[in-house]
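Colleague: Before I rely on the labels attached to this model, I should like to hear the reasoning behind them. May we take them in turn?

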Amino acid sequence: MKKLFFRFSCAVLLCCCLTGCGSIHHKSSTDTAQAQGTKAPPKTADDFSISSYSENETVDETSSADSATPSASESESVTQQEPLTGAAALYSNGQEISFDPSWQYADFSAINSGTATIYLADSDRKDIVVGVNAGHGTSGGASVKTQCHPDGSPKTTGGSTAQGATYATAVSGGMTFNDGTAESTVTLQMAQILKDKLLAQGYDVLMVRNSDDVQLDNVARTVLCNNVADCHISLHWDGDGLGYDKGCFYISVPDGLKSMEPVASHWQEHDALGASLVEGLRTEGMTIYQNGSMNIDLTQTSYSTIPSVDMELGNASSDHSDSTLNSLADGLTAGVNAYFGN
């Protein structure tokens with residue numbers, strides 16, 4: 001009887017050992033991600049395959065299933081980093097981007113030896129690149145001409161180039177503020193402040209002009225933004241000659257240009273972006289000129305295939321102190337957020 005009881009006890013013990021050996025706890029990447037507060041990668045067939053176990057994993061027969069959780073070092077090896085997307089996957093932070101002559105409309109540019117610079121947000125990335133174009137600032141640009149429209153048609157409105165002209169100044173020198181400061185100096189300061197605020201919001205930024213002089217004409221700047229950015233914001237102050245600050249507005253698309261490509265396919269996006277930026281400026285307490293827009297036939301708009309707008313942030317009488325530029329940048333950033341639904 002004792003022998004029979006001894007044999008029965010051994011059989012029970014053997015079954016328990018075999019059951020314990022077959023109960024291996026494998027911590028999935030989902031478990032690890034939840035423990036570390038990160039987003040788990042999608043499950044694949046490998047997640048349910050025996051081959052997904054690490055060769056270094058061992059079974060502790062003396063531990064229960066609940067205590068078989070991998071150590072911190074093992075958890076780190078399981079966690080997978082999310083792949084980079086958008087600009088972060090294509091460019092490095094601070095990379096200079098050259099003009100590509102194979103791009104659409106590139107052959108209409110006359111000055112294009114310069115480079116733009118892309119900056120990537122450190123956190124909360126939105127995978128959206130905002131093209132920030134500090135107006136003017138191209139040495140020799142006023143002595144070179146580029147075609148107003150890709151189809152060769154004449155300008156439908158006047159402006160810095162007369163109505164009816166088929167060629168326009170490649171990059172004008174810009175106006176001078178009442179205190180003697182060049183517009184190109186202030187647009188660069190404005191662009192640098194706006195860049196920092198956009199980066200802080202998670203946007204990547206393509207700085208079209210990053211110094212006093214960039215050898216990129218208005219067509220080249222537009223084509224660069226078309227191919228690298230998700231929107232294009234050109235910064236200016238109006239050279240209207242008025243003795244008072246008339247406020248901010250954007251250059252809207254005139255009716256006579258809306259049937260010409262690429263304008264026909266994108267003018268509603270241009271106007272929507274401009275209206276959103278003006279509303280952002282209004283919420284920051286900036287003075288807005290009339291209804292916030294003015295119809296002018298621009299080279300920039302004529303070649304844009306992404307939401308694109310020329311923002312006039314005042315005129316020669318406007319204050320351009322650091323505090324005002326910061327408020328303007330806050331308004332523009334609010335407008336970008338509203339446009340992209342952020």
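Colleague: Why do the ends of helix α7 agree with what its 21 residues should span?

Modeller: The model is a predicted one. Helix α7 covers residues 263–283, and at 1.5 Å a residue the expected span is 30 Å. The end C-alpha atoms lie 29 Å apart, which agrees, so the comparison supports the helix assignment.

Colleague: Which residues of α7 are called buried, and on what cut-off?

Modeller: Buried means under 20% relative accessible area. The residues of α7 that meet this include V263, H266, L273, L277 and L281.

Colleague: What do the buried residues of α7 pack against?

Modeller: Taking contact as heavy atoms within 4.5 Å, their partners are the strands β7, β8, β9 and β10, together with the helices α8 and α9.

Colleague: What makes the sheet an open one with edges?

Modeller: Its 8 strands follow the order β1-β2-β6-β3-β7-β10-β8-β9, with mixed pairing. Strands β1 and β9 each have a single partner strand, so one side of each is left without a neighbour in the sheet; that is why they are the edges.

Colleague: How do you know that β2 and β6 pair?

Modeller: Pairing requires at least two bridges. Here 3 bridges join β2 (residues 115–119) to β6 (residues 204–207), so the two strands qualify by that definition. They run antiparallel, and I118 stands opposite L206 in β6.

Colleague: Which strands does helix α5 touch?

Modeller: Helix α5 (residues 183–200) packs on the sheet through β2, β3, β6, β7 and β10, and its direction makes about 140° with that of β7. Helix α9 lies across β3, β7, β8 and β10, at about 145° to β7.

Notes
Residues numbered from 1 in each chain as written. Predicted model: local features only at pLDDT ≥ 70, side-chain atom pairs only at ≥ 80, totals over all residues. Heavy atoms only, no water. Helix = DSSP H or I, 4+ residues; strand = E, 2+ residues; numbered from the N terminus. Expected span 1.5 Å × (residues − 1). Buried < 20%, exposed > 50% of the residue type's maximum accessible area, 1.4 Å probe, protein only. Axes fitted to C-alpha atoms, helices over the stretch in contact; angles between N-to-C directions.
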